[in-house]
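Student: Take me through the ligand surroundings up close, please. A quick word on the rest beforehand is fine, but that's the part I'd like to go over slowly.

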Amino acid sequence: MLLSVAALILIVPSLLDALYLRVFISSVIFTIAATGTAVLYARLGLVSLAQVALVGVGGWVTLRMWHATGLPFEVNMLAGAIISGVVGMLIGLPALRMRGLFLALITLMGAAGFQILVTGTQFPNGGDGVLGIAVTSIFMPRPLLGESDEAMLRYVCVVAVLCFLLVEFNRRTRPGRAWALIRKSEACAMASGVNVAFYKAWGFALAGFIAGIAGALLAGTLGVLDATTFPASESILLFALTVVGGAYHWLGLVLTGLLFRAAPAVLNDIGVNGHLAYVIFGAGLLHALITAPTGIAGQILDGLTQLAKRRAGR
Amino acid sequence: MIEIRDVSVSFGGVRALTNLTVNLADPVVGIIGPNGAGKTTLLNVFSGFVTPGWGSICAFDTDLLAMRPHQRARWGLRRSFQTEQVVDDLSVADNVRAMLDSLPVTSRSERERQIEKALTYVHLEGKADELGSALNTYERRMVELAKTLVGSPKIVLLDEPGAGLRDEEVDALRQTILGINEQFGAMTLLIDHDVEMIAATCISTVVLDFGELLAFGPTAEILKDDRVKAAYLGIEEAE
Ligand SMILES: Nc1ncnc2c1ncn2[C@@H]1O[C@H](COP(=O)(O)OP(=O)(O)OP(=O)(O)O)[C@@H](O)[C@H]1O
Ligand SMILES: [Mg+2]
């Protein structure tokens with residue numbers, strides 16, 4: 001499994017042209033972001049609509065760190081992820097008391113708040129002071145291992161795999177078992193001695209941490225960031241596409257990233273207006289909500305198991 | 001020894017428990033009463049899901065109501081629910097392990113030993129690696145029971161563990177409940193509508209009716225009591 005993924009990561013980037021390299025880099029970055037959304041949705045049954053804003057937080061901190069210290073990219077990325085994790089946990093605090101629609105609205109307000117802040121101040125680009133805004137932008141250099149687009153695509157893929165493994169590790173150990181009980185019922189979790197508030201906060205922190213990684217990678221790829229990339233509406237779209245792609249399996253999250261970034265580009269490339277993608281997303285969401293709660297990935301995997309069974313039956 | 005003093009609970013206008021005062025000391029104590037009598041509410045007061053308007057519960061010299069729900073679990077309070085709560089996408093062993101995660105059991109080998117002991121006790125040792133979703137009703141009830149037995153339980157609260165089970169399964173459940181005190185050292189409070197089950201397992205029994213203590217004493221005597229028959233058994237027969 002890991003081997004075939006490694007082979008894909010090695011081969012595919014060398015086959016793509018310049019446009020698609022960039023499209024795939026940002027697809028993978030948003031696959032990473034969706035991985036965080038999926039932790040909350042699939043493991044805890046919580047809806048968070050602030051994930052893209054948290055990507056922005058991670059990007060902001062990464063840029064700010066680099067302009068201030070010039071430390072290696074990976075250090076700045078870690079700082080961005082940690083701060084983003086803390087912010088994610090703060091946005092999630094209301095979740096200790098609310099769920100469903102009210103929680104979704106609170107997180108959306110968090111996302112809108114970030115949008116307003118960052119539209120007013122923009123991202124750091126080498127200036128003085130805390131905000132670090134300069135008239136002419138200084139670009140943050142790519143990470144050493146990702147200087148060409150081809151190398152950068154491999155770099156983000158490797159980080160994506162590490163993020164999947166981080167989530168999987170959590171799922172299989174103590175936090176994962178606690179999340180499972182909380183999802184079953186909070187009363188059951190409390191009766192089992194689970195500190196419900198702590199493990200919910202842990203889920204939000206992990207989702208925010210991963211969003212921060214995605215933000216750092218976005219900043220690392222582009223060198224500068226722009227407030228228009230992080231409106232609250234993008235957070236809603238990313239959540240919706242996570243449901244469409246499938247939050248319960250990594251394949252679904254790969255699909256989410258592709259739908260989010262590659263689908264509009266492909267449509268543009270074949271001469272169709274990229275906004276048509278939204279119509280397709282809408283149809284996909286209806287489909288997911290009505291017939292496929294585990295998303296497209298769930299359907300594909302079910303299909304494969306059916307096929308395997310039929311083969312074995314013969 | 002559990003001392004329940006003056007416990008009263010009301011939900012809006014409904015009085016679910018009224019000035020309940022009783023001392024429980026036997027290894028297995030039954031709680032019976034007609035539907036809506038307040039049995040589950042009493043367990044919820046133990047667990048901390050319902051805060052009584054009045055009263056106290058002192059268990060083995062500890063003020064139970066002063067602790068938060070998850071702290072009570074760490075202290076040694078265990079419960080199963082009227083609707084079972086086995087998690088479908090965790091293995092049987094992980095369902096039990098989830099319980100131990102939050103308890104002050106130090107070493108890893110001790111945890112594994114306790115999981116194995118509990119699963120063997122409920123005869124699920126062969127199914128440790130199966131997913132919760134693969135279990136039948138009886139096995140699910142048994143997983144719930146196993147969960148209550150790890151981590152040195154002091155009090156085990158069982159809310160109708162026999163609901164929906166077939167006769168031979170109820171027999172097995174009865175044997176399992178009878179051995180808890182000897183094997184795990186815990187005191188058991190058992191809610192059940194099955195009078196035979198109560199008669200066979202509980203040394204003393206609490207009878208609730210409309211939130212009030214109707215009777216308390218040795219099970220055999222209680223079940224012969226005319227008021228109990230009128231309030232509870234009569235209704236059972238009529239059903
Ligand atoms: N959370 C709640 N909110 C409002 N009323 C409640 C609540 N929980 C219980 N009640 C009421 O309190 C009374 C006692 O309910 P309880 O569930 O304790 O009964 P029970 O003895 O467990 O009955 P059963 O045998 O049907 O399980 C009932 O009238 C019930 O409607
Ligand atoms: Mg009940």
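Tutor: Buried residues account for 50% of the 314 residues in chain A, and keep in mind that this is a predicted model. Chain A has 13 helices and zero strands, so its pattern along the sequence is simply α-α-α-α-α-α-α-α-α-α-α-α-α, by the DSSP runs used here. Its C-alpha atoms fill a box of roughly 65 × 45 × 35 Å along the principal axes. As for overall packing, a compact globule of 314 residues would have a radius of gyration near 20 Å, and chain A agrees with that because its own value is 20 Å.

Now to the part you asked about, which takes us to chain B. There are 13 residues around ligand 1, and the ones that come nearest are B:Gly36, B:Lys39, B:Thr40, B:Thr41 and B:Gln82. By type, that shell splits into four nonpolar, seven polar and two charged residues. α1(B) is the biggest giver, with three residues in the shell.

Let's go through some polar contacts, each of them to an oxygen atom of ligand 1. The side chain of B:Asn35 puts a polar atom 2.9 Å from one. For B:Gly38 it's a polar backbone atom, and the distance is 3.0 Å. Back to a side chain: B:Gln82 has a polar atom 2.9 Å from a ligand 1 oxygen. Taken on its own, ligand 1 has 630 Å² of accessible area, and the protein covers 61% of it. The elements that supply two or more residues to its shell are β2 (14-24) and α1 (39-47) of chain B.

B:Gln82 has a second job to report, and B:Thr40 shares it: the two coordinate the magnesium ion, ligand 2, through OE1 of B:Gln82 and OG1 of B:Thr40, at 1.9 to 2.4 Å. B:Thr40 sits in helix α1 of chain B, while B:Gln82 is in the loop between β6 (77-80) and α3 (92-101) of that chain, so the pair ties together parts that are 42 residues apart in sequence. Don't read too much into seeing just those two donors, because water is not among the atoms and a site may look incomplete.

How buried or exposed are these two residues? B:Thr40 has a relative accessible area of 25%, so it counts as partly exposed. B:Gln82 comes out at 37%, so it is partly exposed too. The cut-off for buried is under 20%, which means neither value falls in that class.

Key:
Residues are numbered from 1 along each chain as its sequence is written. Chains are lettered from A and ligands numbered from 1 in the order in which they are written. This is a predicted model: local features need pLDDT of at least 70, side-chain atom pairs count only at pLDDT 80 or more; totals for chains, interfaces and linings use all residues. Side-chain values use heavy atoms; hydrogens and water are left out. A residue is near a molecule or strand if one of its heavy atoms lies within 4 Å of it. A polar contact is a pair of N or O atoms within 3.5 Å; within protein, one must be able to donate a hydrogen and the other to accept it, and residues adjacent in sequence count only if both atoms are side-chain atoms. Accessible areas come from the Shrake-Rupley method with a 1.4 Å probe; for residues, only the protein chains shown count as cover. Helices (H or I, at least four residues) and strands (E, at least two) are DSSP runs, numbered from the N terminus. Ala, Val, Leu, Ile, Met, Phe, Trp, Tyr, Cys and Pro count as nonpolar, Asp, Glu, Lys and Arg as charged, and the others, Gly among them, as polar. Donors are N, O and S atoms within 2.8 Å of the metal (3.2 Å for Na, K and Ca); water is not among the atoms, so sites may look incomplete. Buried means under 20% relative accessible area, exposed over 50%, partly exposed in between (1.4 Å probe, protein chains only). The radius of gyration is taken over C-alpha atoms; the globule rule is 2.2 Å times the number of residues to the power 0.38.
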